[in-house]
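Me: I should like to learn how to read the packing of helices in a model. May we work through one example together?

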Amino acid sequence: RDDEWKDQTIKTMGSEEIFRQEFGNEFLETGESVLDEEILDKLEVNISSPVHILEEGNYKIWQNPDPQNHLYVAGVDVGEGVSQAASVIQMFDITDLTHIRQVAIYTDNTISPYNFTSKLHEILQHWGSPLALIERNNCGAQVVDNLSHYFGYENIVTYNNVKKVDMSRLGVLAHTNTKYKGVMNMRYWINELKSVILHDQETLYELKNFIRYPNGTWRAREGEGLHDDRVMSMIWALMVLETTI
C-alpha cells in the first residue's frame, strides 16, 4: 500500500477524513458537533431572509426556480404529521459545485404522509423535477412509493450502501451505515471543500446541535424542541453528489 493506493482510495471514498478514520485509527469524539466551530461561524455569514415565504410560512425560497439554466437536487425527510418531527424538503442548487447553495426549504410537522406526497410532487415540479433522495424509513416508504407509482416521478435516487442495489426499494433506508456515509459526505462538502452556502437560520441551528452519540449514531442533541429533520434532509440532498451514486 503506497501513496498511489492511498490517493486512489481517498478518491473512491470521497474524503480524506473518511480515509483517516477507516485506515488511520482516527475516531470522532463522542458528543462532538458534526462540523467544526469555525465552519459553523462561517456558515452564519450567509443566513438571510427568504425572497418568498409561502404556504403559511412553511415554504421559504431564496432563489427563484430556473431549471433551464440551473441544476437542482432535493433531499427529503418524512415525518408522521403529529406535531413532532417535521416533513422537510431541502432544495440545493448544484450548478456550480464550488458554490452549492440552499435555495428553498419546505417544513411542516402536521402534514400527513399522504398529503405530503402531493406537496412534495408539486414542489419538485417547481424546480424542474430534480433528482430527489428520500428517506424511506417508517412512513417515508409510503411517500417514496406513492411518488413513484401514482405521480410517475422518475427522478428518485436509490441508495442502499450495498454492492447490488435493490431498485425495488426506492430512496434510502437510514441506518447506522447509510447515516455514517451521509454525515461523512456532508462533512466533506462543508468542512473540507467549504462549498455549501446555507441561508436558513433553523437549518444552521439544527446543525449546531447535531452530534455523535456513544453508540456511533448521529442525531439531534437531547433537549426540548431539538430536532434533526432539516439536517437529515440536507444530508440526503448532498448524498446525491457522493461518488458511488
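**Helix packing, cores and backbone angles**

Reply: We may begin with a pair of helices in this predicted model. Helices α7 and α8 are roughly perpendicular to each other, because an angle of 65 to 115 degrees counts as such. Their axes come within 8 Å and cross at roughly 95 degrees.

Me: Which residues of α7 and α8 make the contact?

Reply: On the side of α7 (residues 201-208), the contact is made by E202, T203, E206 and L207. On the side of α8 (residues 229-239), D229, R230, V231 and M234 take part. By character, the residues of this contact divide into 3 nonpolar, 1 polar and 4 charged.

Me: How should one read the buried residues of a helix, and which are they in α7?

Reply: The general idea is that an α-helix has 3.6 residues a turn, so residues three or four places apart point the same way. In α7 the buried residues are T203, L204, E206 and L207. Seen down the axis of α7, these fall within an arc of 160 degrees, so they line one face of the helix. Among the elements that cover them are α3, α6 and α8, together with strands β4 (87-93), β5 (100-108) and β10 (210-212).

Me: Which residues touch the most other members of the largest nonpolar core?

Reply: They are L43, F92 and L207, in a core of 37 residues. The elements that give two or more residues to this core are α3 (37-44), α6 (176-192), α7 and α8, and α8 gives the most, with 8 residues. L43 shows how such a core is joined: beyond its neighbours within four places in sequence, L43 is in contact with L35, I190, V196, L198, L204 and L207. There is also a second, separate core of 26 residues, which includes A74, V78, V103 and L170.

Me: What should one look for in the backbone angles, and where is E55 found?

Reply: In general, most residues other than glycine have a negative phi. E55 has a positive phi, near 55 degrees, and is found in the loop between β1 (52-54) and β2 (59-61). K194 also has a positive phi, near 55 degrees, and its place is in the loop between α6 and β9 (196-197).

Me: Is K194 buried, partly exposed or exposed?

Reply: At 47% relative accessibility, K194 counts as partly exposed, because the exposed class begins over 50%. E55, at 33% relative accessibility, likewise counts as partly exposed.

Notes
Residues numbered from 1 in each chain as written. Predicted model: local features only at pLDDT ≥ 70, side-chain atom pairs only at ≥ 80, totals over all residues. Heavy atoms only, no water. Axes fitted to C-alpha atoms, helices over the stretch in contact; angles between N-to-C directions. Helix = DSSP H or I, 4+ residues; strand = E, 2+ residues; numbered from the N terminus. Parallel < 35°, antiparallel > 145°, perpendicular 65-115°, else oblique. Contact = heavy atoms within 4.5 Å. Nonpolar A, V, L, I, M, F, W, Y, C, P; charged D, E, K, R; others polar. Core = buried A, V, L, I, M, F, W, Y, C linked by side-chain atoms within 4.5 Å. Buried < 20%, exposed > 50% of the residue type's maximum accessible area, 1.4 Å probe, protein only. Arc of directions from axis to C-beta.
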